[in-house]
Amino acid sequence: MAKKTLIAHILGLGRTVFSARELGAVSGRSPSAVSQGLSFLAGQGLVVKVAHGVWAAGAEPPGPYSVIAHILPRQRAYVSFTSALHLHGIIEQIPQVVTLASVAHSGEIKTAAGVFKVHHLAPSFFLGFGWREGGGGFLLAEPEKALVDCLYVSAFRKRQFSYFPELRFPKSFSFKKAYAWTEAIKSRRAAIHARRRLELLQNAR
């Protein structure tokens, strides 16, 4: 029986984005052989490198939301802050970076699929999100939690989320639920800061 080609193994994964490590596992090839094979396929326009160790089938980079699980493989992350507010229709302007909440350290990750800004949350506040289909599927904050995540981070880093583009709250948005999320903040100082900013946003509607 002929040995399956690397591209056949990639197609067998059943998704566009994959890691070189998992491709090595399913193909039985060594890391160096996988690396050489992927470089060859990239030259043919069959795959594209997204980030270190992360690849995608096709000649063009995939959508940013489809690579989130691969760029933070050791930590869960969900889309929140201004990116989530945009996806929920509260902010019309498309953010220049994809904003993620994680218990991992804050930082910026640049990839061929886009730039990701990771904001650290305390593990006790890593809540309020669900699975969203589309774009490969990803974790997305509820609209109320996305807003309170912004206020939470601004309590510790004053320049972060100190200003919002025009906010358009739909009828389904619950300020009561948003206030309940501020009660879940363990830091008293941060909770007070979040509630005060939330009151200002509610009054400015």
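**Figure 1. Charges and overall make-up of the chain.** The mean positions of the 26 positive and 11 negative charges of the chain lie 7 Å apart. Lys and Arg count as positive and Asp and Glu as negative, while His and the chain ends are not counted; each charge is placed at NZ of Lys, CZ of Arg, CG of Asp or CD of Glu. This is a predicted model, in which local features need pLDDT of at least 70 and side-chain atom pairs count only at pLDDT 80 or more, whereas totals for chains, interfaces and linings use all residues. Residues are numbered from 1 along each chain as its sequence is written, and side-chain values use heavy atoms, with hydrogens and water left out. The chain has eight helices and nine strands; these are DSSP runs numbered from the N terminus (helices H or I, at least four residues; strands E, at least two). Its C-alpha trace spans about 70 × 30 × 25 Å along the principal axes. Of the 205 residues in the chain, 42% are buried (buried means under 20% relative accessible area, exposed over 50%, partly exposed in between; 1.4 Å probe, protein chains only). Among contacts (heavy atoms within 4.5 Å) with a separation of 6 or more, 57% join residues 24 or more positions apart.

**Figure 2. Close-up of the Tyr65 and Phe138 rings.** The chain has 11 aromatic pairs. Rings of Phe, Tyr and Trp (its six-membered ring) pair if their centres lie within 6.5 Å; planes under 30 degrees apart count as stacked, over 60 as edge-to-face and the rest as tilted. The centres of Tyr65 and Phe138 are 4.6 Å apart and their planes are at 15 degrees, so this pair is stacked. Tyr65 belongs to the loop between strand S3 (54-57) and helix H4 (68-71), and Phe138 to strand S9 (residues 138-141), so the pair ties together parts 73 residues apart in sequence. Phe138 counts as buried because its relative accessibility is 5%.

**Figure 3. Close-up of an aromatic cluster and Lys145.** Phe125, Tyr152, Phe156 and Trp181 form one aromatic cluster. Lys145 lies over the face of Phe125, 4.0 Å from the ring centre. The charged end of Lys145 also sits over the ring of Trp181, at 5.4 Å from its centre. A charge sits over a ring if NZ of Lys or CZ of Arg is within 6 Å of the ring centre and within 35 degrees of the ring normal.

**Figure 4. Close-up of His9 and Leu11 in helix H1.** His9 is found in helix H1 (residues 6-12) and is buried, with a relative accessible area of 11%. Beyond its neighbours within four places in sequence, His9 is in contact with Lys4, Leu23, Val26, Ser27 and Arg29. Leu11 lies in helix H1 but is exposed, at a relative accessible area of 63%. From C-alpha to C-alpha, Leu11 and Ala57 are 8.1 Å apart in space and 46 residues apart in sequence.

**Figure 5. Close-up of Phe81 and Phe161, residues with positive phi.** Phe81 is not a glycine, yet its phi is positive, at about 60 degrees. Phe81 lies in helix H5 (residues 81-87) and is buried, with a relative accessible area of 0%. Phe161 has a positive phi near 55 degrees and is likewise a residue other than glycine. Phe161 lies in the loop between helix H6 (143-156) and helix H7 (175-183). With 10% relative accessibility, Phe161 counts as buried.
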